[in-house]
Amino acid sequence: MHTHPSSNDNEREVIENRLDVNRRALIDTARGLSDEDARRRMVSSLTTPISLIKHAAAAERIWFQRFWGRRAEDDCDGYSRRDEGTFTVDDSATLHDVISEYERAIEVSRDIAAGFDLDAVQVEPHEGPVSMRWTLLMMIAETARHAGHGDILREQITAPRPQSEVPFLATGPDEVEQEIIAAFEKMRTTILTRNRHELVELHDPEFLGTELPGNVITADEHIATTMNSRDLEMEFFDIRVKAFGDIALSWARQTLAGHLEPDDPGTSPEVAARVESEGVHWSMLVVWRHTRGRWRMLSYQVTPIADDRWEA
């Protein structure tokens, strides 16, 4: 992969180079860790340094091998379903194995992408007509976001500090935790009441989220999905917070029931049907950024929790 900065090449070279830079940055968040550390669970979801790379390899297959290459699932070189299985790593797999798997998937992605112009368009069931340009830009955002997650996890693993030594603006760790917990309650109330103004205020301008079954959504798309919802019931449990200056990482368990529009970018027909019929349980990893005097969502990711594990 070419991972030197590129700003003076043509459009395609700049886009592909930036994606390669982000791919390498994600790998570097885990490279050099022991296999034990790479699997350490620092949050309640399935997110670990090794599982982030496993997930990224699956995302490469989903978008390039299956979507653009039109390959059947059995013809892909690894897991390619759009579900939580993308984060599952076999007990026998080493970090070296998973990095190598990701690098192989990247090479296949590059070969497939090379066969299409940036303006080439295919129809994706949830996104509608999308171009190769859109796909590459979306993968840049997705990969960069997970590299950020990986950076935070690696810092927690390799350079843990007492909570009292973690810097944060003019307040201490207890105040940050209380502010984030209050932000979760604000988020809950705002979503349930579909308060558009407050929804906008809760999102960082650079927000990108991942909704099931793997859709990457912007702040505007998340707000639109919320405004289209009806009769929602929602609760958060076991909220935990770790602050890093003006960035905070939080994780919580969430229940959600009610009506979601199945065609909205923030959901899918399968998820919408389950939310309406029986409700869902999932863990929610949220990255917050403190701007203009308050905490705003910069990113989040949800991972389903099986009913038989919910009370565990």
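**Helix α4, two cores and a ring cluster**

In this predicted model, the buried residues of helix α4 are L95, V98, I99, S100, E101, Y102, A105, I106, V108, S109, I112 and A113. These buried residues pack against four other helices: α1 (11-30), α2 (35-38), α3 and α5 (132-158). Helix α4 itself runs over residues 95-113 and has 19 residues. From its first C-alpha to its last it reaches 27 Å, close to the 27 Å expected at 1.5 Å a residue.

One residue of the neighbouring helix α3 can be followed in detail. K54 lies in α3, which covers residues 49-68. Is K54 buried or exposed? Its relative accessibility is 14%, so K54 counts as buried, the cut-off being under 20%. Leaving aside neighbours within four places in sequence, K54 is in contact with T86, T88, V89, V98 and E101. Of these contacts, V98 and E101 are among the buried residues of α4.

Aromatic rings also connect α3 with α5. The model has seven aromatic pairs. One of them joins W63 and W134, whose ring centres are 5.5 Å apart and whose planes make an angle of 55 degrees, a tilted arrangement. This pair links distant parts of the chain, since W63 is in helix α3 and W134 in helix α5, 71 residues apart. The two partners can be compared by accessibility. W63 has a relative accessible area of 6% and is therefore buried, whereas W134, at 30%, counts as partly exposed. Ring pairs link W63 and W134 with F67, W68 and F116 into a cluster.

The next step is the nonpolar interior. In soluble globular proteins, nonpolar side chains tend to be buried together. The largest nonpolar core here has 33 residues, of which I180, F184, M187, L256, W288 and Y300 touch the most other members. Elements giving two or more residues to this core are the helices α6 (173-193), α7 (196-202), α8 (219-227) and α9 (269-277), together with the strands β5 (230-244), β6 (247-259), β7 (280-291) and β8 (294-304). Helix α6 supplies the largest share, six residues.

W288 shows how such a core member is surrounded. Not counting residues up to four places away in sequence, W288 touches I180, A183, F184, M187, D246, I247, A248, S250, W295, R296, M297 and L298. Apart from the largest core lies another, of 32 residues, including A30, I53, A57 and A105. A105 is also one of the buried residues of α4, which returns the description to the helix where it began.

Technical notes
Residues numbered from 1 in each chain as written. Predicted model: local features only at pLDDT ≥ 70, side-chain atom pairs only at ≥ 80, totals over all residues. Heavy atoms only, no water. Core = buried A, V, L, I, M, F, W, Y, C linked by side-chain atoms within 4.5 Å. Buried < 20%, exposed > 50% of the residue type's maximum accessible area, 1.4 Å probe, protein only. Contact = heavy atoms within 4.5 Å. Expected span 1.5 Å × (residues − 1). Phe/Tyr/Trp six-rings, centres within 6.5 Å; stacked < 30°, edge-to-face > 60°.
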